[in-house]
Every structure is written in structure tokens, then in C-alpha cells.
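This briefing goes through one protein model and the ligand it holds. Start with the structure shown here, then read the points by topic.

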Amino acid sequence: MSSGLQKLVQSKLSEVNEWPLLSAFLLLTGALTFTKYALKTIAFLSQTFILPGHNLKKFGAKKGAWAVVTGASDGIGREFSIQLAQAGYNILLVARNNRMLGDVAAAISEKCGSSVETRIELVDFSKNDEASYANLKTVLAGMDVGVLVNCVGRSYDMPTYFAEADEKLMDDIITINVAGTVRVTRAILPGMVARKRGLILNLGSFAGSVPSPMLATYSGTKAFVSTFSDALAEEVKGHSIVVEHLNTYFVVSKMSNIKRPSLFVPTPKAYVRSALSKIGSPCGAAFTNRPATSTPYWGHALLDWAIHVVGWKQLFISHTHGLHTDIRRRALRKIAREAKKE
Ligand SMILES: NC(=O)c1ccc[n+]([C@@H]2O[C@H](COP(=O)([O-])OP(=O)(O)OC[C@H]3O[C@@H](n4cnc5c(N)ncnc54)[C@H](OP(=O)(O)O)[C@@H]3O)[C@@H](O)[C@H]2O)c1
């Protein structure tokens with residue numbers, strides 16, 4: 001050690017000796033903070049990349065149980081329907097478009113043969129009407145429902161400032177995302193409680209935990225889904241029912257308007273494979289005070305860890321605002337180009 005450095009170390013040590021209590025306090029605080037971050041990071045890495053989730057058999061797979069999937073005709077819901085059928089559930093497909101739901105049923109029958117039964121229930125969740133929910137309850141009455149995936153969701157057609165947003169669209173977003181989730185869950189949960197088993201997966205979004213400028217209403221509804229799931233999970237865990245809020249960043253779909261997968265944007269197939277293999281495991285949401293939340297896809301988990309453990313939330317809000325401004329600009333340009341062509 002050079003003599004200069006030696007002097008510096010000696011002077012620092014003598015300072016420590018002058019303030020022994022303060023020094024011990026600072027050392028302890030530093031050690032505790034480091035340990036906390038290290039444990040959160042180890043939990044995130046091991047849950048995301050190594051440890052498996054609950055086995056789906058726990059919720060009645062291959063024993064005649066049904067999985068009910070809302071928003072089953074397209075995107076993530078379509079993929080949940082197919083992969084849950086492959087895991088051994090009969091599937092009740094719920095959405096508006098009979099032809100597309102029929103295609104999903106045909107894809108299931110092609111992959112699973114006659115071992116799996118499918119049924120279609122047409123519901124327009126934006127109507128929030130008593131007759132649809134009464135029909136749904138009648139269909140559900142004779143079913144042993146092991147899994148519910150509340151996947152139906154509506155977002156903006158393009159990012160828009162709230163002051164300029166279409167009022168009917170805002171109503172639809174709230175009705176579909178909030179009332180749809182609450183009412184379908186209410187119709188199914190009593191049966192799960194009676195059977196003392198069940199899995200409820202609620203499709204959430206990063207927009208629910210990180211405020212999403214220019215998608216304010218969507219963001220608020222997804223915050224509802226997150227808090228609703230946390231509260232419900234605690235209510236029913238004594239009945240062996242798992243409620244999970246799936247915290248989701250972009251996935252290739254009609255809603256995201258993203259057509260090609262990339263590092264942080266999986267296909268619905270890859271996303272659903274992660275979700276179903278990590279049931280009950282928080283992954284990217286580990287130790288971030290969101291008890292029922294899971295961020296199962298590894299790219300999303302990495303972002304969630306950066307936002308909540310490293311603490312980049314404000315940065316992410318500003319980034320999202322910039323991203324949405326850009327998406328809106330490009331969407332408006334495309335509309336103008338197409339209008340010129342006509
Ligand atoms: N894709 C993403 O990047 C992303 C990110 C975060 C969270 N999420 C969430 O994931 C869920 C699924 O999104 P996705 O990307 O798979 O969307 P999607 O491809 O647009 O599919 C939406 C599904 O919801 C159904 N649906 C829409 N409006 C309906 C209504 N009024 N009544 C009944 N069904 C209706 C659609 O079926 P019909 O039109 O045939 O009825 C379709 O089956 C949503 O809750 C969304 O918020 C998605």
C-alpha cells in the first residue's frame with residue numbers, strides 16, 4: 001500500500017473510533033439494505049429461471065374439471081384455452097365472436113382429440129346485461145370449474161390524452177375490464193369454495209402498477225384487477241384456492257398491435273407457457289409487497305425487478321409517456337396516409 005493511501009485509511013479508521021456507535025449503525029444499515037436487495041434478487045432469479053410452479057393437476061386437470069376462459073377467441077385467451085386443454089381440462093370458451101371461438105374449439109379438438117370437451121358461450125361484456133350473466137350461471141351450474149382465466153380486456157385504439165378520450169370507449173374499458181372480471185369471478189367462486197380447490201388467473205398489466213400516461217382509464221382498471229386479486233387471494237387461500245394477478249408487459253397480439261416477438265415481447269404461446277409453469281410463484285414480483293402478483297415471463301420479470309427492486313418507477317412512467325406519444329404520432333400518420341389513398 002502506498003504511504004498516501006495508508007495515511008488515508010488510518011485517518012478514516014481513527015474517525016470510526018471517534019464515532020463508534022454511529023459507525024456501527026451505518027455499517028448495520030448498509031449490511032441490511034444490501035442483504036434485502038440481494039435476497040430479492042436471488043428470489044427473482046431462482047423463481048423465474050429455476051423453480052417450477054404448482055402442478056396443474058392440483059386444480060382438477062385430467063379429472064373432468066373445466067377451465068373457463070373469457071376473451072378466449074384471440075391472443076392470450078386463445079392460447080390459455082389451447083394449453084389448458086392440453087393440460088387436461090375441458091374448456092368453456094367465452095367471448096363475442098362465434099366463428100373465432102369455433103376455430104379455437106377446432107384447434108383444441110385437433111390437438112387433444114376426444115379426451116377434451118369444449119363449449120362456447122357468447123357474451124358481450126361491454127353490455128353488462130343480466131340476461132348474459134344469468135345464461136352463464138346456468139351453463140356453469142353443472143360444471144366442476146377448476147380454473148378461471150379472466151382474460152377479457154379492452155384498451156384504447158391508440159394512446160390518447162384523457163381530456164380528448166372517447167367517453168363511450170372509457171365506459172366500455174371500465175365495464176369490460178372491471179365488471180367483467182368481478183361478475184364472472186362471483187359466478188364461479190362459490191363452486192370453488194364448496195369443492196375446496198380452484199385457480200383464478202386475472203390478466204393484469206404493467207399499466208396497473210406503473211401509471212400509464214395516455215392510457216389512464218385502462219391503467220386504472222388494471223390497478224383495480226391487481227388490488228382485487230390481492231384482497232381475494234387472502235380471502236380464499238384457506239379454501240385451497242389460488243388467485244393470481246398476472247402482471248403482463250407487451251405480448252404479440254391484436255390489442256398490443258405488435259406483430260413480431262422480441263426480447264421483452266413474447267408470443268402468446270411463450271407467454272402462456274411461462275404463466276402456466278409458474279403458478280403460485282411471484283417471479284419478477286418476488287418480495288415487492290404485491291402478494292397475489294406474478295410476473296412469470298422472464299423478460300417481463302426482469303423489467304418488473306428493475307422497476308420495483310432497483311427503483312426505476314418514475315423513469316418508466318416518463319419512458320411510457322414518450323413511447324405513447326410516439327405510438328400516437330405514428331398511428332395518426334398511418335390514418336392520414338390511408339385517408340389519402342381513398
Ligand atoms: N397484449 C398485450 O400486450 C397485453 C399486455 C398487458 C395485458 N394484457 C391483457 O391481456 C388480456 C388479453 O389481451 P390480448 O392481447 O390477448 O387481447 P386481444 O388479442 O385483443 O383479445 C381480446 C379478447 O377479448 C375479447 N373481447 C374483447 N371485447 C369483448 C367484449 N366486449 N365481450 C366479450 N369478449 C370481448 C376478444 O374477443 P371477441 O372480440 O371475439 O369478442 C378477444 O378474445 C387483456 O385483459 C389485456 O388487458 C395484454
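**A tyrosine in a helix**

Tyr 218 sits in helix α8, which covers residues 216-236. The model is a predicted one. The UniProt record, an unreviewed entry, places the feature "active site" at Tyr 218. The points below take up this residue, then the ligand, then the protein as a whole.

**Tyr 218 and its surroundings**

- Is Tyr 218 buried or exposed? Its relative accessibility is 9%, and a residue is called buried when that value is under 20%, so Tyr 218 counts as buried.
- Leaving out neighbours within four places in sequence, Tyr 218 touches Arg 154, Ser 155, Tyr 156 and Ile 173. The list of its contacts also holds Asn 177, Ser 205, Ala 207 and Met 255.

**The ligand and the residues around it**

- There are 30 residues around the ligand, and Tyr 218 is among those that come nearest. The others named as nearest are Ser 73, Ile 76, Arg 96 and Ser 253.
- Which atoms of Tyr 218 face the ligand at 2.6 Å? An N or O atom in the side chain of Tyr 218 is at that distance from an oxygen atom of the ligand.
- Lys 222 has a polar side-chain atom 3.0 Å from an oxygen atom of the ligand.
- At Phe 125 the backbone takes part: one of its polar backbone atoms is 2.9 Å from a nitrogen atom of the ligand.
- The ligand taken alone exposes 890 Å², and the protein buries 94% of that area.
- Two elements, α3 (75-86) and α8, each give two or more residues to the shell around the ligand. Helix α8 is also where Tyr 218 is placed.
- By residue type, the shell around the ligand has 14 nonpolar, eleven polar and five charged residues.

**The protein as a whole**

- How many helices and strands does the protein have? It has eleven helices and seven strands.
- The C-alpha trace spans about 80 × 60 × 35 Å along its principal axes.
- The protein has 342 residues, and buried residues make up 48% of them. Tyr 218 is one residue that counts as buried.
- Take the contacts between residues at least 6 apart in sequence: 73% of these join residues at least 24 apart.
- The protein exposes about 17,800 Å², with carbon and sulfur atoms supplying 60% of that area.

Definitions and conventions: Residues are numbered from 1 along each chain as its sequence is written. This is a predicted model: local features need pLDDT of at least 70, side-chain atom pairs count only at pLDDT 80 or more; totals for chains, interfaces and linings use all residues. Side-chain values use heavy atoms; hydrogens and water are left out. UniProt positions are given in the numbering used here, feature names are shortened, and annotations may be inferred rather than shown by experiment. Helices (H or I, at least four residues) and strands (E, at least two) are DSSP runs, numbered from the N terminus. Buried means under 20% relative accessible area, exposed over 50%, partly exposed in between (1.4 Å probe, protein chains only). Contact means heavy atoms within 4.5 Å. A residue is near a molecule or strand if one of its heavy atoms lies within 4 Å of it. A polar contact is a pair of N or O atoms within 3.5 Å; within protein, one must be able to donate a hydrogen and the other to accept it, and residues adjacent in sequence count only if both atoms are side-chain atoms. Accessible areas come from the Shrake-Rupley method with a 1.4 Å probe; for residues, only the protein chains shown count as cover. Ala, Val, Leu, Ile, Met, Phe, Trp, Tyr, Cys and Pro count as nonpolar, Asp, Glu, Lys and Arg as charged, and the others, Gly among them, as polar.
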